[in-house]
Amino acid sequence: MSDSDSAPLYLGIDVGGTDVKLGLVDGACQIVATERTATSLLKTPQNVFRHAMEFASGRPIAGVGLAVPGVLDSHAFELREVVNLDGWLGVPLRDQLAQISGLPSMVVNDANAAAYAEHASRLLGVQSLALITLGTGVGCGMVVVGNPHGGDHGCAGELGHIAIDFSADALPCTCGSRGHLETYAGAAGVIARMVQLSGEEAEGLTPRRIANRAESGDVLCQKVISDTAAYVGRAIGMLGQVADPAVVLLGGAMTFGGMETETGRRFLADVQNSVKQTTLVQVGGNMKIEFATLGNQAGMIGAAMVARDRS
Ligand SMILES: [Zn+2]
């Protein structure tokens with residue numbers, strides 16, 4: 001057996017409402033093997049953990065990490081709130097995972113796992129980082145002083161529900177409050193803004209199509225995207241003034257083409273400008289804002305790296 005065959009690996013389990021992603025990750029954050037199974041086929045935590053151990057069987061596993069959506073009690077390692085995962089609420093996940101795997105085990109919120117993966121894979125040498133996920137909703141995972149930061153109620157980094165509009169006609173949010181970022185910068189908010197500015201029907205509009213049209217020179221689409229950047233930037237500015245992360249990454253399905261397109265690069269520049277306009281120069285001037293790179297494997301990689309560092 002060569003050294004690389006016997007070097008320790010870490011098993012990452014990323015559970016979502018649709019699928020369970022498994023990954024064997026080495027100590028340098030590189031994926032060795034992955035697997036994906038529909039959550040509906042496995043259902044319960046016990047089945048997921050047993051399936052994960054079968055996947056890893058015969059490999060030198062040094063620790064197991066689990067990433068879960070929802071509100072995670074980071075003392076009891078139990079979910080207090082979660083949608084689309086029947087049978088997972090109130091289960092002592094860390095204990096059950098440790099019992100089934102017989103290995104050091106750790107549980108982390110999936111947004112924080114993704115942030116931790118970006119932190120670990122970039123060998124950043126920075127202490128604090130935030131990963132903001134733009135899509136149907138607006139999510140945020142945080143690494144603070146080198147640790148995934150869940151908060152005392154499992155709700156740290158709920159950036160989607162930061163108020164960015166305090167005017168009398170601020171839009172109502174799905175949570176019941178008003179003026180929250182997600183209402184303005186979630187996919188539905190972006191489409192609603194396009195409808196409002198252009199008078200077009202919402203049907204057939206998606207953030208991707210708006211980005212494509214912006215790239216072809218459609219001025220209204222460009223304006224909708226730059227407005228979105230301004231909203232996102234305001235929320236990042238607030239985050240910056242509170243937590244002062246060295247790096248803020250933008251990921252998720254709605255990055256308007258990312259670094260590959262002029263539209264995506266302009267979106268990033270507009271976010272950066274919005275942050276600078278609303279923060280102290282020491283915060284906004286020093287904060288690095290970039291697109292995330294690990295995509296939808298980040299949660300699984302982060303779970304494995306949390307097992308490496310925290311279990
Ligand atoms: Zn809200």
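This briefing covers the zinc site, the largest cavity and the two largest pockets. The model is predicted. Its zinc ion sits in a tetrahedral site. One cavity reaches 30 Å³ or more. The largest pocket has a volume of about 1400 Å³, and the second largest holds about 290 Å³.

**Zinc site**

- Four residues coordinate the zinc ion: H161 through ND1, C173 through SG, C175 through SG and H180 through ND1. The distances run from 2.0 to 2.3 Å.
- Angles among the four donor atoms span 100 to 119°, and the site is tetrahedral.
- The donor residues follow the spacing H-x11-C-x1-C-x4-H in sequence.
- H161 and C173 are twelve residues apart, and both lie in the loop between strand 10 (147–148) and helix 6 (181–185).
- H161 is partly exposed, at 27% relative accessible area. C173 has 9% relative accessibility, so C173 counts as buried, the cut-off being under 20%.

**Largest cavity**

- The largest cavity encloses about 50 Å³ of space.
- Its lining consists of A214, Q222, I225, S226, T263, R266, F267 and D270.
- Helix 9 (219–243) and helix 10 (262–278) are the elements that each give two or more residues to this lining. Helix 10 gives the most, with four residues.
- By class, the lining of the largest cavity has three nonpolar, three polar and two charged residues.

**Largest pocket**

- The largest pocket, about 1400 Å³ in volume, is lined by 45 residues. Closest to its centre are P69, G70, D110, A111 and G139.
- Elements giving two or more residues to the lining are strand 1 (9–15), strand 2 (19–26), helix 5 (110–121), strand 8 (129–134), strand 9 (138–144) and helix 12 (298–310).
- Helix 5 supplies the largest share, five residues.
- The lining of the largest pocket divides into 16 nonpolar, 21 polar and eight charged residues.
- Domain 1 (3–109 + 296–310) and domain 2 (123–292) each contribute at least three residues to the lining of the largest pocket.

**Second largest pocket**

- The second largest pocket, with about 290 Å³ of space, has 18 lining residues. S74, V108, P148, H149 and G150 are the closest to its centre.
- Strand 7 (105–109), strand 10 and helix 12 each give two or more residues to this lining. The largest share, four residues, comes from strand 7.
- Seven nonpolar, nine polar and two charged residues make up the lining of the second largest pocket.
- The second largest pocket lies between domain 1 and domain 2, because both give residues to its lining.

How values were computed
Residues numbered from 1 in each chain as written. Predicted model: local features only at pLDDT ≥ 70, side-chain atom pairs only at ≥ 80, totals over all residues. Heavy atoms only, no water. Donors = N, O, S within 2.8 Å, 3.2 Å for Na, K, Ca; no water. Tetrahedral: all angles 85-135°; square planar, octahedral: opposite > 155°, others 65-115°. Buried < 20%, exposed > 50% of the residue type's maximum accessible area, 1.4 Å probe, protein only. 1 Å grid on protein atoms, 1.4 Å probe; cavity = no way out; pocket = protein on both sides within 12 Å on 5 of 7 lines; lining within 4 Å. Points joined across faces, edges and corners; volume = space filled by probe spheres on them. Nonpolar A, V, L, I, M, F, W, Y, C, P; charged D, E, K, R; others polar. Domains from an automatic or database assignment.
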